[in-house]
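Colleague: I am new to this structure and would be grateful for a guided account of it. May I put some questions to you in turn?

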Amino acid sequence: MLEKDLYPIVAEYFRKKGYIVFVDDYRFFSYFGRRPDILAVDMHREEIIVVEVKIRPRISLKQLYRYMLMSDYTYLAIPFSMPLSDEMIKAMQWGVGIMRVHDDRVVITKEARRNEPLDILKDAVLYRVRMMTRSLAEK
């Protein structure tokens, strides 16, 4: 199993909830030299959710912290059977949520706590989403 195998399942979870979803989009978002695996945006509520997908217990707390600076909610999506690592538990203490993926469904086992993103970063993400969706609508 690869991380990319979980992307469509998690993306569909957010699409069904009405979010605009970007998956590992190289041309679109890169903050602090990293890009989120999944970015889900609700333009009506101006809400941004970042999801980092992992298939191994090792995670980068620094990477998650950076995503918290640009999003309202941050999640880790992991296989259903994966045990939580010490880093994942630490991330949960910061407010990162846990999504477990089993077959073709997503189960939220820990809701994310609302982040306090930096306005300049959040506004930049929302601006890019507006420009991207506008250019797609014009085609």
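The exchange below concerns a predicted model and moves from its strands to its cores and ring pairs.

Colleague: How many of the residues of strand β3 (residues 47-53) are buried?

Modeller: Both faces of β3 are covered, with Glu47, Ile49, Val51 and Val53 buried on one side. On the other side, Ile48, Val50 and Glu52 are buried as well. The strand is therefore largely enclosed by the rest of the structure, and the count of buried residues is seven of the seven.

Colleague: In strand β2 (residues 38-42), which residues point the other way from Ile38, Ala40 and Asp42?

Modeller: In a regular strand, side chains alternate between the two faces of the sheet. β2 is mostly covered, as five of its five residues are buried. Ile38, Ala40 and Asp42 point one way, and the residues that point the other way are Leu39 and Val41.

Colleague: In which sense do β2 and β3 pair, parallel or antiparallel?

Modeller: Two of the bridges can be named: Val41 has Ile48 as its partner in β3, and Ala40 has Ile49. The hairpin of these strands has four residues between them, and Glu46 takes a positive phi near 50° there. The pairing extends over five bridges, and its sense is antiparallel.

Colleague: Which residue of β2 stands opposite Val23?

Modeller: Strand β1 (residues 20-23) also pairs with β2, in the antiparallel sense and over four bridges. Within β2, the residue opposite Val23 is Ile38.

Colleague: What is the handedness of the β-α-β unit that contains β3 and β4?

Modeller: β3 and strand β4 (residues 73-79) pair in the parallel sense over five bridges. One of the contacts in this pairing is the bridge between Val51 and its partner in β4, Tyr75. Together with helix α2 (residues 61-68), the two strands make a β-α-β unit that is right-handed.

Colleague: Is Thr74 buried or exposed?

Modeller: Thr74 lies in strand β4. Leaving out residues up to four places away in sequence, Thr74 touches several others, among them Val50, Leu64, Tyr67, Gly95 and Asn115. Because its relative accessibility is 0%, Thr74 counts as buried.

Colleague: Which residue has a side chain joined to that of Thr74 by a polar contact?

Modeller: The polar contact of Thr74 is one between two side chains. Its length is 3.0 Å, and the partner is Ser71.

Colleague: Which residue takes a positive phi in the hairpin of β5 and β6?

Modeller: Strand β5 (residues 97-102) and strand β6 (residues 105-110) pair in the antiparallel sense over five bridges. In this pairing, Met99 stands opposite Ile108 in β6. The hairpin has two residues between the strands, and the positive phi, near 55°, belongs to Asp103.

Colleague: Which element gives the most to the largest nonpolar core?

Modeller: Of the 21 residues in the largest nonpolar core, Val10, Phe14, Ile49, Val51 and Met99 touch the most other members. The elements that give two or more residues to this core are α1 (3-16), β2, β3, β4 and β5. With six residues, the element that gives the most is α1.

Colleague: How many residues does the second, separate core hold?

Modeller: Phe14, leaving aside neighbours within four places in sequence, is in contact with Tyr19, Val21, Ala40, Ile49, Val51 and Met99. The second core is separate and includes Leu39, Val41, Val129 and Met132. Its number of residues is 13.

Colleague: Of what kind is the ring pair of Phe14 and Tyr19?

Modeller: The count of aromatic pairs comes to three. Phe14 and Tyr19 are both buried, and ring pairs link them with Tyr13 into a cluster. The ring centres of Phe14 and Tyr19 lie 5.5 Å apart and the planes stand at 85°, so this pair is edge-to-face.

Colleague: How far apart in sequence are the parts that the pair of Tyr65 and Trp94 ties together?

Modeller: The rings of Tyr65 and Trp94 have centres 6.1 Å apart and planes at 75°, so the pair is edge-to-face. Tyr65 is partly exposed at a relative accessible area of 46%, and Trp94 is partly exposed at 29%. Because Tyr65 lies in helix α2 and Trp94 in helix α3 (residues 86-94), the parts tied together are separated in sequence by 29 residues.

Note on methods:
Residues numbered from 1 in each chain as written. Predicted model: local features only at pLDDT ≥ 70, side-chain atom pairs only at ≥ 80, totals over all residues. Heavy atoms only, no water. Buried < 20%, exposed > 50% of the residue type's maximum accessible area, 1.4 Å probe, protein only. Pairing = 2+ DSSP bridges. Right-handed = clockwise from strand over helix to strand, strands pointing away. Polar contact = N/O pair within 3.5 Å; in protein donor to acceptor, adjacent residues only side chain to side chain. Contact = heavy atoms within 4.5 Å. Core = buried A, V, L, I, M, F, W, Y, C linked by side-chain atoms within 4.5 Å. Phe/Tyr/Trp six-rings, centres within 6.5 Å; stacked < 30°, edge-to-face > 60°.
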